[in-house]
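Please open the model in your viewer and keep the selection panel at hand. The tour goes from one selection to the next, with a short account of what is there at each stop.

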Amino acid sequence: MVILSSLASHPPQRPSPALQQAAGLLDSEAAGLLLAATSDISLIVGEDGVIQETASGAFDFESEDIASWRGRPWIDTVTVESRPKIDALLRDAAAGTMTRWRQVNHPSRNGPDVPIRYAGLRPRKGGPIIVVGQDLRTLAGLQRRLADTQQALERDYDRLRSAETRYKLLFQLSGEPVLVADAGTRRVTEANPAAARLLGRPAKRILGQDVADLFEVSTTRDIAVLFAGLRSSGQAADLVARLSGGRGEARLSASLFRGEGSTAILLRLSPLASAQAGQPGDGSALDVIRRMPEAFVVTDPGRRILTANTAFLDLVQLATEEQVRGQTLDRWLGREETEALALFATLREHGSVRHFSTVMRGQYGSVEDVEVAAVSAPAAEQPCLGFTIRATPRRAAPVHTVGHDLPRSVEQMTELVGRVSMKALVRETTDLIEKLCIEAALRITRDNRASAAEMLGLSRQGLYAKMRRYGIGDLDAGEAEPAPDGEA
């Protein structure tokens with residue numbers, strides 16, 4: 001008979017009269033065959049607790065040599081902690097009553113202890129006990145694997161919690177003002193203390209704000225173009241914008257990344273006033289190189305990086321120059337090691353290289369198609385190699401706002417398939433259609449905004465809001481236009 005583990009603590013129910021009548025038809029041989037077939041192991045134990053006979057219904061027990069148990073006290077075949085359970089089984093074995101199931105462990109010569117679940121029955125008072133057992137090794141193995149899996153999950157959770165803690169600590173302690181915004185809504189989701197100090201408002205008042213609201217109104221269109229470029233191509237040039245509240249100018253650098261199933265934008269703010277105050281001599285070549293939109297890097301003859309500008313740091317997805325200084329350039333350059341070696345070999349042979357097509361691999365998995373121009377300066381005071389790295393024309397093309405040429409805009413939209421989610425693509429398409437409709441209505445009405453709003457089924461304020469969002473027309477002039485008769 002097979003008894004589920006959940007019933008192990010309860011004694012078996014007494015057999016029905018029909019089952020008792022059927023059992024009476026079995027002779028001793030048939031009863032022995034039935035007993036061996038329905039249990040993994042069966043024992044005949046004398047009244048003195050000595051094993052008189054053993055039988056196994058499973059081939060797995062052949063290596064355990066259970067036949068050697070014959071003539072030995074049953075209690076001597078189990079581990080120390082299982083001996084009280086054997087005593088209980090012998091004590092509970094009464095005539096005509098099945099004992100409750102108990103799990104014991106037998107020491108094994110081939111590895112871990114063998115867990116067996118036993119129950120016993122004494123057919124006649126003062127007679128031997130028939131003991132049936134079920135092999136629990138498979139269940140024990142599953143329990144061990146479950147425990148190992150749970151421990152592995154706990155270790156993974158600990159690593160994730162540690163990584164999140166490090167990220168939050170670095171984010172809060174960074175001296176560079178940093179914002180994180182949703183790519184679709186432009187709402188700020190995170191702001192570090194440095195950003196709060198630069199913007200002159202508490203961090204909790206920055207959260208949830210539109211990024212454009214943190215800058216003067218004159219830069220609204222530029223910020224809209226910046227976000228549109230990031231959503232469509234994944235990159236955009238730095239933007240110099242004036243902070244709201246007369247807090248001066250700041251350089252806005254943006255990077256697109258995905259996390260937790262959504263697309264977000266990391267915004268770094270660099271106040272220009274403090275930078276210029278600390279760097280006299282605005283015309284210095286080094287300052288120009290550091291501000292170049294194309295990546296520039298200088299290495300020693302062994303290809304170890306000596307200096308690199310901000311554009312190069314953006315390509316390799318790192319934050320500071322110290323993180324790349326001393327590293328070899330081919331750590332990020334080239335699809336394969338041989339490609340970078342070919343570039344360096346050509347540079348050594350000819351002294352310069354132009355239009356070398358390859359890729360830059362970012363620290364976090366990004367791959368950017370680039371063209372490299374390089375020059376060798378072996379006669380300099382410190383021999384070095386100089387590299388300029390720019391994105392190929394296809395990726396570096398400026399992001400165009402949607403114009404009147406619909407097929408070209410649709411082509412730009414379809415290029416996003418596979419790079420952004422369907423939800424983001426639909427949102428971008430909706431914005432494109434809204435902008436085209438507004439531009440068409442303004443053309444038809446010859447820029448009469450009241451008529452255009454009526455044609456589109458919008459209020460004038462609603463039309464102005466959408467024109468401001470998409471950067472259409474001269475809003476100041478439009479808002480000053482008097483309303484026609486009968487319109488509020």
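Begin by selecting arginine 242, which counts as partly exposed because its relative accessibility is 36%, between the limits of 20% and 50%. Bear in mind as you look that this is a predicted model.

Now add glutamate 216 to the selection, and you will find its side chain meeting that of arginine 242 in a salt bridge, at 3.8 Å from N to O. Arginine 242 belongs to strand E8 (residues 239-242), whereas glutamate 216 sits in the loop between helix H6 (203-206) and helix H7 (220-233), so the salt bridge ties together parts that lie 26 residues apart in sequence. Glutamate 216, with a relative accessible area of 28%, is likewise partly exposed.

Next, select arginine 70 together with glutamate 53, whose side chains form a salt bridge with an N to O distance of 2.8 Å. This pair links distant parts of the chain, since glutamate 53 is in strand E2 (51-56) and arginine 70 is in the loop between strand E2 and helix H3 (83-92), 17 residues apart. Arginine 70 is partly exposed at 39% relative accessibility, and glutamate 53 is partly exposed with a relative accessible area of 38%.

Move on to arginine 325 and glutamate 321, where the side chains meet in a salt bridge at 3.1 Å, N to O. Is glutamate 321 buried or exposed? Its relative accessibility is 13%, and glutamate 321 therefore counts as buried, the cut-off being under 20%. Arginine 325, by contrast, is partly exposed at 38% relative accessibility.

From here, select Glu176, Arg268 and Asp314 as a group, because salt bridges that share partners join these residues into one network. Across the whole structure, a search finds 18 salt bridges.

For the last part of the tour, leave the charged side chains and turn to the strands, selecting E15 (residues 384-391) along with strand E11 (residues 295-299). These two strands run antiparallel and are joined by five bridges. To pick out one of the paired positions, highlight alanine 295, whose bridge partner in E15 is isoleucine 389.

Keep E15 selected and add strand E14 (residues 367-377), which runs antiparallel to E15 and is joined to it by eight bridges. Here, a useful residue to highlight is valine 370, which stands opposite alanine 391 in E15. In following any regular strand, remember that side chains alternate between the two faces of the sheet.

Methods. Residues are numbered from 1 along each chain as its sequence is written. This is a predicted model: local features need pLDDT of at least 70, side-chain atom pairs count only at pLDDT 80 or more; totals for chains, interfaces and linings use all residues. Side-chain values use heavy atoms; hydrogens and water are left out. A salt bridge is a side-chain nitrogen of Lys or Arg within 4 Å of a carboxyl oxygen of Asp or Glu. Helices (H or I, at least four residues) and strands (E, at least two) are DSSP runs, numbered from the N terminus. Buried means under 20% relative accessible area, exposed over 50%, partly exposed in between (1.4 Å probe, protein chains only). Two strands pair if DSSP finds at least two bridges between them.
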